[in-house]
Amino acid sequence: MDKLLIRGGRQLHGEVRISGAKNAALPEMCATLLTDETVNLLNVPRLHDVATMRRLLDNMGVRTETHGERGGLSLQAAAPIKPEAPYELVKTMRASVLALGPLLARFGEATVSLPGGCAIGSRPVDQHIRGLQAMGAEIVVEHGYMIARLPQGRTRLQGARITTDMVTVTGTENLMMAATLAEGETILENAAQEPEIADLAGMLIKMGAQIDGQGGSRIRIGGVEKLHGCTHQVVADRIEAGTFLCAVAATGGDVLLQHGRADHLDAVIDKLRDAGVSVTAMEGGIRVQSPGAGSGRLKAQSFRTTEYPGFPTDMQAQFMVLNCIAQGPSLATETIFENRFMHVNELIRLGANIQIDGKVSMVEGVEKLSGATVMATDLRASASLVIAGLVADGETQVDRIYHLDRGYDQMETKLRGIGADIERVK
């Protein structure tokens with residue numbers, strides 16, 4: 001099992017290229033099931049989850065082919081397609097549930113295993129099921145599988161007004177994709193507003209879908225009879241960009257994040273600026289400059305995670321590391337997932353001063369962290385431990401980094417390119 005060895009204490013300087021967003025690439029790969037024509041995706045990140053999704057689509061009969069040097073992927077879901085996502089391919093990746101809507105919309109049936117993924121808390125799929133049932137689907141859950149079909153005599157889903165009980169990103173994406181081939185109009189109320197949803201909608205529109213309101217809480221979709229192929233570039237990964245922002249903020253330095261989108265990170269950037277970090281939106285990227293740990297100029301910042309455009313839960317662990325070495329106390333309130341402080345005990349092993357009370361972590365900044373062996377517990381926790389290792393004295397070993405590989409495209413290579421002393425050990 002691979003691990004990372006990090007020798008901390010170095011500032012970061014130079015340029016790093018931000019990859020395409022995993023959380024946009026995965027639903028967009030599933031969206032190719034909506035047409036029998038070829039879809040060309042560009043800027044697809046090289047990640048374990050992307051490889052798993054490709055194997056899942058290959059297993060259904062989708063023809064996939066890589067092209068170009070920077071994330072080119074062609075997909076064609078020409079018949080025959082087997083509308084099934086088996087447990088063996090679904091168990092490690094929650095996003096596989098996104099095959100349910102497209103398969104049902106185009107083929108009238110789907111059998112999809114209940115998903116797995118990071119153990120950061122309950123993420124139920126009932127909102128997906130209820131929304132598709134509102135569009136006329138018959139769905140039962142048996143032996144760990146969602147078995148969906150259209151009623152006898154029906155050839156298409158039916159447009160509906162759907163209000164989800166909670167804001168759900170994958171739920172919004174699944175229902176939006178399904179609605180593109182439904183008969184009539186579908187309105188999604190209480191929709192998630194993440195940039196990845198707007199990016200997916202942009203791709204679907206290129207394919208011939210009728211969608212407006214994406215990026216807001218109310219999305220309107222006019223169903224069409226057929227979608228077509230297209231070429232689409234995956235939007236830059238805002239969480240990868242935010243992770244590198246926090247890394248430079250903690251270590252100190254001056255780095256340009258190529259292709260980073262500052263407008264997708266307003267809540268994080270506001271907190272970084274309040275902490276004493278310079279963040280500048282530039283043409284083609286984001287520039288971050290920081291005095292780093294030990295300067296006495298970084299001020300701890302309290303924050304509360306919430307749905308986009310608020311502070312993202314996927315940035316909670318990384319920003320907490322900055323608070324660990326900044327001046328003063330801070331509170332981090334986690335409102336999205338009930339089990340997302342698993343990185344805290346590992347940060348304490350490195351010398352952080354953190355206490356947890358339910359959904360709130362209380363951090364008191366310390367002068368320095370000290371290297372130690374730590375264990376990654378989920379994707380974003382892994383990133384936080386890498387940042388902590390970059391700023392800690394001595395050597396830090398991060399075990400179980402297969403979590404990291406699920407969401408970061410060659411993270412250690414990118415960090416070495418801007419001056420970090422980090423290596424992967426097989």
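Which backbone oxygen does the side chain of Thr164 reach at 2.8 Å? The side chain of Thr164 reaches the backbone oxygen of Met166. Such a polar contact is a pair of N or O atoms within 3.5 Å; within protein, one must be able to donate a hydrogen and the other to accept it, and residues adjacent in sequence count only if both atoms are side-chain atoms.

The model is predicted, so local features need pLDDT of at least 70 and side-chain atom pairs count only at pLDDT 80 or more, whereas totals for chains, interfaces and linings use all residues. Residues are numbered from 1 along each chain as its sequence is written, and side-chain values use heavy atoms, with hydrogens and water left out.

**Thr164 and its surroundings**

Thr164 is placed in the loop between β10 (161-163) and α6 (169-179). Helices (H or I, at least four residues) and strands (E, at least two) are DSSP runs, numbered from the N terminus. Thr164 has a relative accessible area of 11% and is therefore buried. Buried means under 20% relative accessible area, exposed over 50%, and partly exposed in between (1.4 Å probe, protein chains only). Leaving aside neighbours within four places in sequence, Thr164 is in contact (heavy atoms within 4.5 Å) with Gln127, Leu175, Glu189 and Asn190.

**The annotated binding site**

Gln127 also appears in a UniProt record: the unreviewed entry places the feature "binding site" at Arg94, Arg123, Pro124, Val125, Asp126, Gln127, Asp314 and Ile336. UniProt positions are given in the numbering used here, feature names are shortened, and annotations may be inferred rather than shown by experiment.

Two of the residues named in the record can be described further. Asp126 belongs to helix α5 (residues 126-134), and its relative accessibility of 25% is why Asp126 counts as partly exposed. The side chain of Asp126 makes a polar contact with the side chain of Gln127 (3.1 Å). Asp314, by contrast, is found in the loop between β18 (303-304) and α10 (316-324). Because its relative accessibility is 17%, Asp314 counts as buried. Not counting residues up to four places away in sequence, Asp314 touches Asn23, Ile239, Arg340 and Arg380.

**Salt bridges**

How many salt bridges does a search of the whole structure find? The search finds 25. A salt bridge is a side-chain nitrogen of Lys or Arg within 4 Å of a carboxyl oxygen of Asp or Glu. The table gives examples.

| Salt bridge | N to O distance |
|---|---|
| Arg10 and Asp421 | 3.9 Å |
| Glu185 and Arg220 | 2.9 Å |
| Asp405 and Arg424 | 2.8 Å |

The side chains of Arg10 and Asp421 meet in one of these bridges. Arg10 lies in the loop between β1 (3-7) and β2 (12-17) and Asp421 in strand β24 (residues 421-425), so this pair ties together parts that are 411 residues apart in sequence. Arg10 is partly exposed at 45%, and Asp421 is partly exposed at 21%.

Glu185 forms a salt bridge with Arg220. Because Glu185 lies in strand β11 (residues 185-189) and Arg220 in strand β13 (residues 218-222), the pair ties together parts that are 35 residues apart in sequence.

Asp405 and Arg424 also meet through their side chains. This pair links distant parts of the chain, with Asp405 in helix α13 (residues 402-405) and Arg424 in strand β24, 19 residues apart. Asp405, at 23% relative accessibility, counts as partly exposed. Asp405 and Arg424 further belong to a network of salt bridges that links them with Asp2, Glu412 and Lys426.
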